[in-house]
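Me: I am new to this protein and would like to get to know it step by step. Could you walk me through it?

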Amino acid sequence: ALYSEAFRTPSIFNIESKDATQEIMKPEHTTTEEIEVGTQITKSSYLTGNFFNTVIKNPIVYSALGSEKYLNYNETGTQGLELDYRMKLPMGSLTLGYAFYQARSSNVLEYKTTDDDALLGMPQHRGVVNSTWFMMGNPNLKLNASFFFIGE
């Protein structure tokens, strides 16, 4: 289990570039909670799952809607899960990974899409297959192939 908090203060550049009618920016405050569980399926394979929840209060956002400026929004964040399967073989190894997130109460206009559960530029579904094979049975000579899946 993991619980963490972080903050980011606005820089002088952020404050000076603000529209004169807006308040001075507030610090951004992030809280993340994670739980990871795993199990050994066989002598050489493992499965882990990670569940996370991240909330960002007063996110500092660059906006080019209208004039260029930095803004504080009320709140944004994500929640989701990641799965990871690893298998070691006499001839190499194989890793399969999958991640999914859902936007959490995002009111940030610059991040919005037509789907309220997604954020702009961040696919909700991601997957990876990574394999390593020993060439000619030699563990010092390896061939690595990776395949990535990225959703909308």
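Reply: Gladly! Helices, of at least four residues, and strands, of at least two, are DSSP runs numbered from the N terminus. Please keep in mind that this is a predicted model.

Me: How many helices and strands does the protein have, and in what pattern do they follow along the sequence?

Reply: Counting the runs gives one helix and nine strands. Reading along the sequence puts them in order: the pattern is β-α-β-β-β-β-β-β-β-β.

Me: Is the protein spread out or compact, and what is its radius of gyration?

Reply: For 152 residues the globule rule gives 15 Å, and the protein is well over that, so it is more spread out than a compact globule. The C-alpha atoms fill a box of roughly 70 × 30 × 30 Å along the principal axes. The radius of gyration is 21 Å.

Me: What share of the residues is buried?

Reply: A residue counts as buried when its relative accessible area is under 20%. The protein exposes about 10,200 Å², with carbon and sulfur atoms supplying 60% of that area. Of the 152 residues, the buried share is 30%.

Me: How far apart are the centres of the positive and negative side chains?

Reply: Two sets are compared here, 12 positive side chains and 17 negative ones. The distance between their centres is 8 Å.

Me: Let's turn to the strands. Which strand pairs with E3 over 13 bridges, and which residue is the bridge partner of Thr-48?

Reply: Strand E3 covers residues 45-57, and its antiparallel partner over those 13 bridges is strand E6, residues 75-89. Within E6, the residue bridged to Thr-48 is Asp-84.

Me: Which residue of E7 stands opposite Asp-84?

Reply: E6 also pairs with strand E7 (residues 92-103), in the antiparallel sense and over 12 bridges. E6 and E7 form a hairpin, with two residues between them. Opposite Asp-84 in E7 stands Gly-97.

Me: Is Gly-97 buried or exposed, and what is its relative accessible area?

Reply: Gly-97 has its place in strand E7. The cut-off for buried is under 20%. Gly-97 is buried, as its relative accessible area is 17%.

Me: Beyond its neighbours within four places in sequence, which residues does Gly-97 contact?

Reply: Contact here means heavy atoms within 4.5 Å. Among the contacts of Gly-97 is Asp-84, the residue that stands opposite Gly-97 in the pairing of E6 with E7. The full list is Leu-83, Asp-84, Arg-126, Gly-127 and Val-128.

Technical notes:
Residues are numbered from 1 along each chain as its sequence is written. This is a predicted model: local features need pLDDT of at least 70, side-chain atom pairs count only at pLDDT 80 or more; totals for chains, interfaces and linings use all residues. Side-chain values use heavy atoms; hydrogens and water are left out. The radius of gyration is taken over C-alpha atoms; the globule rule is 2.2 Å times the number of residues to the power 0.38. Buried means under 20% relative accessible area, exposed over 50%, partly exposed in between (1.4 Å probe, protein chains only). Accessible areas come from the Shrake-Rupley method with a 1.4 Å probe; for residues, only the protein chains shown count as cover. Lys and Arg count as positive and Asp and Glu as negative; His and the chain ends are not counted. The place of a charge is taken as NZ of Lys, CZ of Arg, CG of Asp or CD of Glu. Two strands pair if DSSP finds at least two bridges between them.
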